[in-house]
Number of protein chains: 2
Amino acid sequence: MLHNTPLRNHLDISHIRSSCATCSLRELCLPVGLNDDEIQVLGDVVSHKRKIQRGGYLHHTGAKFQSLFAIRSGFLKTCVLEQDGRQQVTGFHMTGELLGLDAISTDTHTCDAIALEDSEVCEIPFAKLEEISRIIPSLMRHFHKMMSREIVRDHGVMLLLGSMKAEERLATFLLNLSRRFLVRGYSESDFNLRMTREEIGSYLGLKLETVSRAFSKLQDEDIITVDNKHIRINDIARLRMKMGNSSCIT
Amino acid sequence: MLHNTPLRNHLDISHIRSSCATCSLRELCLPVGLNDDEIQVLGDVVSHKRKIQRGGYLHHTGAKFQSLFAIRSGFLKTCVLEQDGRQQVTGFHMTGELLGLDAISTDTHTCDAIALEDSEVCEIPFAKLEEISRIIPSLMRHFHKMMSREIVRDHGVMLLLGSMKAEERLATFLLNLSRRFLVRGYSESDFNLRMTREEIGSYLGLKLETVSRAFSKLQDEDIITVDNKHIRINDIARLRMKMGNSSCIT
DNA sequence: TATTAATTTTGATTCAGATCAATCAAAACA
DNA sequence: TGTTTTGATTGATCTGAATCAAAATTAATA
C-alpha cells in the first residue's frame with residue numbers, strides 16, 4: 001500500500017514562489033494541470049488571504065463552514081476536543097495542504113485547526129469552488145483526488161494506531177515528516193519539529209513519556225540524533241526497518 | 001462531536017424498496033433531493049448491478065479503479081493487507097453506503113472489499129458520475145458530503161484507537177452498529193453480528209481474546225446478552241456510559 | 001450424520017506502555 | 001536578569017491487553 005505518486009501532483013509545485021500580488025495560486029494545491037485562463041477563474045475565487053499567529057485558531061469546532069483553507073506557509077494541527085477537555089490531534093498540516101474537508105459533511109467544522117507556527121492560508125469559499133469545478137473538470141477531478149487522499153491517509157493512521165507499537169509509530173511518523181519536508185524542498189534528514197511531545201503522543205495514541213522514551217531509544221541506537229525539537233536522521237534505512245512491515249501514513 | 005444529522009439524508013430512504021427493474025436508484029445513497037428527470041439521468045449511469053457471495057471479493061487491493069459501489073443489500077468489510085499477511089479491517093459497510101472512495105486518489109483500489117454475507121451492489125462508473133454531477137449540482141454537493149462524512153468517520157475511529165480502552169471501544173462499536181441498524185428499520189437492541197471476533201478485534205485494534213473478554217464482561221454486568229453472534233442490548237443507557245466521554249464513530 | 005475445521009471462551013502468564021514522581025532544560029515574562 | 005512557567009527526560013511501579021495454552025462450541029464438509 002505505497003502511495004508515493006499521488007502526492008507528486010500538488011507537491012511538486014508547492015515550493016515555487018510566484019511574485020503575483022494575490023494569493024499566488026500557482027503554488028497552491030489546486031491548480032494542477034490548468035491553463036492560464038482557468039487559473040485566472042480560480043484566482044478570482046481564492047483571493048482572500050489570511051494570517052494566523054502561532055497558537056491562533058484557523059477555525060473552531062462547531063463553527064459554520066464556508067471555506068476550505070489552502071496552506072500557503074506555516075504549520076498547523078487539527079484536533080478534536082473530548083468532553084473531558086483533553087484533545088486528540090487528528091493531523092499535522094503543512095504548505096500545500098487543504099484544510100476543512102471534514103466540514104463539508106455537516107456544514108460545520110468538526111475539529112479545531114490551530115497554528116503551530118505563524119502561518120498563512122488562502123481562503124477558498126466552498127460554494128464557489130463547487131461552482132467553478134463544474135466549468136473546469138480537471139479541477140473537479142483534482143479536488144476529488146484530494147478528498148480521497150485524505151481518506152487513504154486516515155486509513156494509514158488507523159493501521160498505525162491499530163497495529164503498531166510505540167517505536168514503530170514514532171519511526172513511521174518521522175519518516176512521514178521527512179518525506180513531506182523533502183518534497184517541499186527542505187532537508188529530509190534534518191528538521192525541526194513544530195509540535196510538542198504531548199501533541200505527537202496524542203496523534204500517535206501514546207503518552208508523552210512514551211514518545212520521549214522512543215526518541216531516546218532511537219538515539220541510543222544511533223538511528224537519529226535528538227536535540228529537543230531538532231531531529232537529525234542519521235540512518236534512514238534503519239529507521240525504515242523500525243517502521244516494520246507497513247508503509248502506511250501517506 | 002455528534003453527527004446524527006448527516007446520516008439522515010441517505011439513510012432515511014435506505015429501507016424503501018422500489019419495484020423498479022433496474023437498480024432501484026431511489027433506495028440508494030445518491031439521489032437525494034433530485035427530481036424525477038435527474039434520477040432518470042442518474043439511473044442510466046448506475047444500471048449495472050452485481051452480486052457477491054459471502055466471502056467473495058468486490059474488489060482487490062491494487063485493482064484498477066473504475067467505479068464506486070453503492071451497497072443495495074448485504075454486509076461487507078474493507079481491509080488492508082500488511083506485508084506479513086495479516087489484515088487490518090478498516091471498516092464494516094451496510095446497505096446505502098458507498099464503497100471505493102479511497103480509490104479515487106490513485107485510480108487504484110487501496111483495500112480489499114469482502115462480503116461478509118451475500119450482498120448486492122450497484123456499480124457507479126466514476127467518470128460518468130463526475131460528468132453528470134456537473135449537470136446536477138445537488139448531486140455533486142451530496143457526493144462531496146458523502147466523501148467528507150467518510151473523513152469524519154475515520155477521525156472518529158482514530159479517536160477510538162488512539163484514546164479508548166478495550167471495553168470502551170467495544171461499547172462504541174456496538175452502539176454504532178445499533179444505530180445503523182435502527183436507521184435501516186431493524187432492531188437497535190437485537191441483532192446478529194456478521195463478523196468474527198477476530199475481525200472486530202482487527203477493526204478495534206484489539207486481539208480476539210480481548211474482544212471476547214470484553215463481551216463477557218458486558219454480559220456479566222447485564223448490559224448485553226451475548227449468544228455467539230447474536231447480541232441483545234439490555235441497557236443501552238449503561239452501554240453509552242461505558243463508551244465514556246466521547247461520541248466518536250459516526 | 002460423522003468428522004473435521006473454524007471460532008469462541010476462559011485461564012495463566014508476560015510485557016509494553018501508562019502512571020506516578022522527580023529532575024532538568026528551555027522559553028516566556030516581569 | 002532573575003523568576004516563573006512550560007516542556008522534556010528518566011526512573012520506579014503498576015496495569016491492561018497481548019500472548020500462550022487448553023477446552024468448549026459452532027459451522028462446514030465428506
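The exercises below work through a predicted model of protein chains with DNA strands, each with a solution in steps.

**Exercise 1. The surroundings of DNA strand C**

Task: Find how many residues surround DNA strand C, and which of them are the closest.

Solution. Begin with the count, which is 20 residues around DNA strand C, the closest being Ala166(A), Thr210(A), Arg197(B), Ser212(B) and Ser216(B). Next, turn to the DNA side, where sugar and phosphate account for 67% of the atoms of DNA strand C that come within 4 Å of the protein. Then look at single atom pairs: a polar backbone atom of Ala166(A) is 2.6 Å from a phosphate oxygen of DNA strand C, while from chain B a polar side-chain atom of Arg197(B) lies 2.7 Å from a phosphate oxygen of this strand. A polar side-chain atom of Ser212(B) likewise lies 2.8 Å from a phosphate oxygen of DNA strand C.

Finally, sort the surface by element and by class. Helix H7 (208-220) of chain A and helix H7 (208-220) of chain B each supply at least two residues of the surface near DNA strand C, and the largest share, 5 residues, comes from H7(B). By class, the residues of this surface divide into 4 nonpolar, 7 polar and 9 charged.

**Exercise 2. The surroundings of DNA strand D**

Task: Determine which residues come nearest to DNA strand D, and which helix gives the most to the surface near DNA strand D.

Solution. Start from the 20 residues around DNA strand D, of which Arg197(A), Ser216(A), Lys165(B), Ala166(B) and Thr210(B) come nearest. On the side of the DNA, sugar and phosphate make up 70% of the atoms of DNA strand D that come within 4 Å of the protein.

The next step is to inspect the polar atom pairs. A polar side-chain atom of Arg197(A) lies 2.6 Å from a phosphate oxygen of DNA strand D, and a backbone N or O atom of Ala166(B) lies 2.6 Å from a phosphate oxygen of DNA strand D. A base is involved as well, since an N or O atom in the side chain of Glu209(B) is 3.4 Å from a base nitrogen of DNA strand D. The elements that give two or more residues to this surface are H7 of chain A together with H7 of chain B, and H7(A) gives the most, with 5 residues. The class division of the surface near DNA strand D is 4 nonpolar, 7 polar and 9 charged.

**Exercise 3. A helix and its enclosure**

Task: Explain why helix H6 (residues 197-204) of chain A can be called largely enclosed.

Solution. First list the buried residues of H6(A), which are Arg197(A), Glu199(A), Ile200(A), Gly201(A), Ser202(A), Tyr203(A) and Leu204(A). These are 7 of the 8 residues of the helix, and therefore H6(A) is largely enclosed by the rest of the structure. After the helix comes Gly205(A), whose phi is positive, near 70°. For the wider setting, buried residues make up 57% of the 250 residues in chain A, a chain whose secondary structure comes to 8 helices and 9 strands.

**Exercise 4. Two helices of chain B**

Task: Work out how helix H5 (residues 166-183) of chain B is placed against H7(B), and which residues make the contact.

Solution. The two helices pack at an angle of about 75°, with their axes 9 Å apart, which means that H5(B) is roughly perpendicular to H7(B). The contact is made by Ala166(B), Glu167(B), Leu170(B) and Leu174(B) of H5(B) and by Thr210(B), Val211(B), Ala214(B), Phe215(B), Lys217(B) and Leu218(B) of H7(B). Sorted by class, this contact has 7 nonpolar, 1 polar and 2 charged residues.

**Exercise 5. Two residues of H5(B)**

Task: Decide whether Glu167(B) is buried or exposed, and do likewise for Ser178(B).

Solution. Glu167(B) lies in helix H5 of chain B, and because its relative accessibility is 18%, Glu167(B) counts as buried. Leaving aside neighbours within four places in sequence, Glu167(B) is in contact with Lys217(B), Leu218(B), Glu221(B) and Lys242(B).

Ser178(B) also has its place in helix H5 of chain B, and at 2% relative accessibility Ser178(B) counts as buried. Not counting residues up to four places away in sequence, Ser178(B) touches Glu188(B), Phe191(B), Ile233(B) and Ile236(B).

Definitions and conventions
Residues numbered from 1 in each chain as written. Chains lettered and ligands numbered in written order. Predicted model: local features only at pLDDT ≥ 70, side-chain atom pairs only at ≥ 80, totals over all residues. Heavy atoms only, no water. Near = heavy atom within 4 Å. Polar contact = N/O pair within 3.5 Å; in protein donor to acceptor, adjacent residues only side chain to side chain. Helix = DSSP H or I, 4+ residues; strand = E, 2+ residues; numbered from the N terminus. Nonpolar A, V, L, I, M, F, W, Y, C, P; charged D, E, K, R; others polar. Buried < 20%, exposed > 50% of the residue type's maximum accessible area, 1.4 Å probe, protein only. Axes fitted to C-alpha atoms, helices over the stretch in contact; angles between N-to-C directions. Parallel < 35°, antiparallel > 145°, perpendicular 65-115°, else oblique. Contact = heavy atoms within 4.5 Å.
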